[in-house]
Structures are given as structure tokens and as C-alpha cells.
Amino acid sequence: SSEELDKRTVIVLTDENMLVPTLHSLPEEIKQVNVTMGYPFKMTLTYTFIDRLITLQSHKRGKEGSVQFYHADVTGLLSHPYILNCEPKLAAEHKKSIISNHIISVNREDIATCELFNILFDATDDWSSLSQYLLRVLSYIAEHYTDPIHIEYLRIAIEEIGKLSRSIRRCELPLSNEVFTSLMRRHLQTITIPYEG
């Protein structure tokens, strides 16, 4: 088009899920964008990552003093962009080995071969240790990730999980993992990330 985009240009989205794809598809010469809507946290990579971490923990099994994880949960995490960004080579090697050897249960000692995987494939036994596990994993990813938008998503998740955990501890009520994860999912699904400028 011969006309240039300027401050008079408005893009109206009828679906909030289209915000991030639209931002990524703007021409490089567009340096400033004013967004007047929020983005639902449940649509972020961070939310899907947390969901996969919870699933990994819910399906884990202990056998003869050794912790084992379900292969689909492990390969799902190894394929997640956050893991591929931090440990691409090792993630690909482990995934290939699990698939080619038809491994159903992945032993922790076989997969915990670097600092990230040692944290990622740790075992939790109650809601409090699950909360601490999520915070450790998310903090590690935030420290090693390069995209500022995703670092902000991770920061929000760390803050909100921390708040929820502190509130539950103050109540001093016994809580199962299932109830904690249900509360956490519901809470995270209500969050809208404000865009400024």
C-alpha cells in the first residue's frame, strides 16, 4: 500500500486471542504501539508450561526408591519452547531416546542430566512442595530466557503462585494436591495481563 501506518491507524480486534499474533506480524518499522486491552494469562506459553508441570507431577510414580515419570509427560515438556530455548540439544537427545527405545516410564536418574532437568524432573509429595517446585522451575526459566515478554509472563506466574501459597499457609488448613492445583488453575485463568503503550 502507498499509505503509511501512522498514529491515525487503528486495528480493532474482535478476538483478544489475536493480539499476540497481530503484534508479531506488524512491520519492523513500527516502533510504538498503543494497546488498550489486556491479554488473558491462560493463553500464554507460561500457563501451558505450568499445566504440563502439574500433569508431570500428578502422573509420577515411585518404584523401589526411584521416581519415574510417564513418557508422554516427559516428551511433552521436552518439546515445550521454554525447555527448547534453555536446553535444545539435550532435550532433543532425551526425546529421541525415549521414543526410539519405546520407554514408558522414565527414571529420574536417567533424565536429570543437567541443572535444569535436575530441577524439572524433581518429585513433589504435597501441595507445599508442589508450589515450591513450580516456583523453582519458573524462576530458572525466567533467569535463562531471552524474550522479555515471556520473562514478564513468568514473573507474573511466580508472583501469583507465591501469593496463593502464602494465603493457603495462613489459613492452616489441610489441602490435597488436587485442590491446590484446581485453585491455582482457576486463579491463573482469571488474570489478564495489561499492555501499556
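Helices here are DSSP runs of type H or I with at least four residues, numbered from the N terminus. With that in mind, and remembering throughout that this is a predicted model, begin the tour at helix 9.

**Helix 9 and its two ends**

Select residues 148–171, the 24 residues of helix 9, whose first and last C-alpha atoms are 35 Å apart, close to the 34 Å expected at 1.5 Å a residue. Next, select Asp-147, which caps the N-terminal end of this helix with a side-chain oxygen that lies 2.8 Å from the backbone nitrogen of Ile-149. At the other end, go to Glu-172, the residue that follows helix 9, and check its backbone angles, where phi is positive, near 55 degrees.

Now colour the buried residues of helix 9, which include the hydrophobic side chains of Leu-154, Ile-156, Ile-161, Leu-164 and Ile-168. The buried set also takes in His-150, Tyr-153, Glu-160 and Ser-165, together with Ala-157 and Gly-162.

**Thr-75 in helix 3**

Move to Thr-75, which you will find in helix 3, residues 71–78. Is this threonine buried or exposed? Thr-75 has a relative accessibility of 13%, and because buried means under 20%, it counts as buried. If you leave aside the neighbours within four places in sequence and display what remains in contact with Thr-75, you should see Lys-95 and Ile-98.

**The aromatic pairs**

How many aromatic pairs does a search of the whole structure find? The search gives 6, and two of them are worth a stop. For one of these, select Phe-49 and Tyr-82, whose rings meet edge-to-face, at 5.3 Å centre to centre and with 70 degrees between the planes. Phe-49 belongs to helix 2 (residues 45–59) and Tyr-82 to helix 4 (residues 81–86), so this pair ties together parts that are 33 residues apart in sequence. Phe-49 is buried, with a relative accessible area of 0%, and Tyr-82 is likewise buried, its relative accessible area being 0%.

For the other, select Phe-117 and Phe-121, an edge-to-face pair with 5.8 Å from centre to centre and 75 degrees between the planes. Phe-117 counts as buried at 0% relative accessibility, and Phe-121 is buried with a relative accessible area of 0%.

To finish, return to Phe-49 and Tyr-82 and add Tyr-145 to the selection, since these residues form one aromatic cluster.

Conventions:
Residues numbered from 1 in each chain as written. Predicted model: local features only at pLDDT ≥ 70, side-chain atom pairs only at ≥ 80, totals over all residues. Heavy atoms only, no water. Helix = DSSP H or I, 4+ residues; strand = E, 2+ residues; numbered from the N terminus. Expected span 1.5 Å × (residues − 1). Buried < 20%, exposed > 50% of the residue type's maximum accessible area, 1.4 Å probe, protein only. Polar contact = N/O pair within 3.5 Å; in protein donor to acceptor, adjacent residues only side chain to side chain. Contact = heavy atoms within 4.5 Å. Phe/Tyr/Trp six-rings, centres within 6.5 Å; stacked < 30°, edge-to-face > 60°.
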